[in-house]
Number of protein chains: 2
Amino acid sequence: MFSKACEYGIRATVQIALQSEKGLRIGLKEISNAIDSPEPFTAKILQQLAKNDIIISSKGPTGGYEMSSNQLSTIMLSDIVKTLDCDLIYTGCGLGLATCDAKNPCVLHFQFDDIREQLKKMLENTSIQQLARSRESGDTLLRL
Amino acid sequence: MFSKACEYGIRATVQIALQSEKGLRIGLKEISNAIDSPEPFTAKILQQLAKNDIIISSKGPTGGYEMSSNQLSTIMLSDIVKTLDCDLIYTGCGLGLATCDAKNPCVLHFQFDDIREQLKKMLENTSIQQLARSRESGDTLLRL
DNA sequence: TAAATAAAGGACAAAATTATCTTTTATTTT
DNA sequence: AAAATAAAAGATAATTTTGTCCTTTATTTA
């Protein structure tokens, strides 16, 4: 459903949020290890997230990535999806038609409408912080 | 969400169903024109569908593609999805983890469960025939 | 039986995605 | 100011997906 970049991006952001809640920064190596992703590719993805103000990056010997408390409390899954993929996954036509709406519906339009709406709601209402907390409590995982 | 191959495959199958309900076969050229897809690629996709008994193909001057009445009444969207993509879209982990289930859930597992279940239900319960009929009635489209 | 037709099959190309590697830039520490 | 560190940026490579082209096979028709 999501691109590999987006999957890694979500997982990395949750890992960064985990550390940020403890007041710590976390570097690339540790992130990619924690989420089991290729380092250089993950670096690219994190650059995009930083550029779009989803995370904060710092260079230098005490550098790394973190999230501000404002970011922690406001960033939703949809923010990451929009940055790394695009929102077509929950706004676009299930059959790839460029123009598909209630006025000109594709054959799958009505079947997909509900699912798309639910996906949209989930993405827009699931915060990185709550995902970090479920990870923190040990209830969920970021890697195998 | 679906691959281009799967999108074309669904649209093509609906178009074939439309013709089959009128007792007609339809050739590749007409199909790809009706759904606005690249002919040679569509041919490849139709080959796969025929190989998996979703449609029937015939060579020769009166050849083309069709669906039997049994196929018309039994083929579901999920059959096409399973053939052309795989069912990971509604059985797999939202974050791409190879092992993610209720025992070892990823951070997104519980958010996705409902959506995945709905998607599964929709795909397994939407028949090609009903999609063809909504197209026939002019309520929906297969192309722009 | 030959010709025509349309699908099947295989090879190849282009584009996109995933991933790797190298260099540059910014920051801290000594 | 130099050295070390870590991110940013850019280039390149590998893989996958999408798409194109050519040949072969199977069937019908005259």
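By class, the surface near DNA strand C has 10 nonpolar residues, nine polar and five charged. Before I go on, a reminder that this is a predicted model.

Which residues come nearest to the strand? Of the 24 residues around DNA strand C, they are Lys4(A), Pro38(A) and Lys59(A), together with Ser57(B) and Gly60(B). On the DNA side, sugar and phosphate make up 66% of the strand C atoms that come within 4 Å of the protein.

Now the secondary structure behind that surface. In chain A, helix H1, residues 4-20, and helix H3, residues 39-51, each supply at least two residues of the surface near DNA strand C. In chain B, helix H3, also 39-51, strand S1, 56-58, and strand S2, 64-66, each do so as well. Which element gives the most? That is H3(B), with four residues.

Next, some individual polar contacts to the strand. Lys4(A), one of the nearest residues, has a backbone N or O atom 2.9 Å from a phosphate oxygen of DNA strand C. So on this residue I am quoting a backbone atom. From chain B, Tyr65(B) places a polar side-chain atom 3.3 Å from a phosphate oxygen of the strand. For Gln47(B), the partner is a base nitrogen: a polar side-chain atom of this residue lies 3.4 Å from it.

I will stay with chain B and turn to helix packing. Two packed helices are described by the angle between their axes and the distance between the axes.

Start with H3(B), since it has already come up. Helix H2 of chain B, residues 28-35, packs with H3(B) at an angle of about 110°, and their axes are 10 Å apart. Angles of 65 to 115 degrees count as roughly perpendicular, which makes H2(B) roughly perpendicular to H3(B). Which residues meet here? From H2(B) there are Leu28(B), Lys29(B), Ile31(B) and Ser32(B), and they meet Glu39(B), Thr42(B), Ala43(B) and Leu46(B) in H3(B). The residues of this contact divide into four nonpolar, two polar and two charged.

The other pair is H5(B), residues 77-84, and H7(B), residues 109-125. Their axes come within 5 Å and cross at roughly 105°. H5(B) and H7(B) are therefore roughly perpendicular to each other. On the H5(B) side, Leu77(B), Ser78(B) and Val81(B) meet Met122(B), Leu123(B) and Glu124(B) of H7(B). This contact has four nonpolar residues, one polar and one charged.

That is what I have on the strand C surface and the two helix pairs.

Methods:
Residues are numbered from 1 along each chain as its sequence is written. Chains are lettered from A and ligands numbered from 1 in the order in which they are written. This is a predicted model: local features need pLDDT of at least 70, side-chain atom pairs count only at pLDDT 80 or more; totals for chains, interfaces and linings use all residues. Side-chain values use heavy atoms; hydrogens and water are left out. A residue is near a molecule or strand if one of its heavy atoms lies within 4 Å of it. A polar contact is a pair of N or O atoms within 3.5 Å; within protein, one must be able to donate a hydrogen and the other to accept it, and residues adjacent in sequence count only if both atoms are side-chain atoms. Ala, Val, Leu, Ile, Met, Phe, Trp, Tyr, Cys and Pro count as nonpolar, Asp, Glu, Lys and Arg as charged, and the others, Gly among them, as polar. Axes are lines fitted to C-alpha atoms, for helices over the stretch in contact, and angles run from 0 to 180 degrees between N-to-C directions. Angles under 35 degrees count as roughly parallel, over 145 as roughly antiparallel, 65 to 115 as roughly perpendicular and the rest as oblique. Contact means heavy atoms within 4.5 Å.
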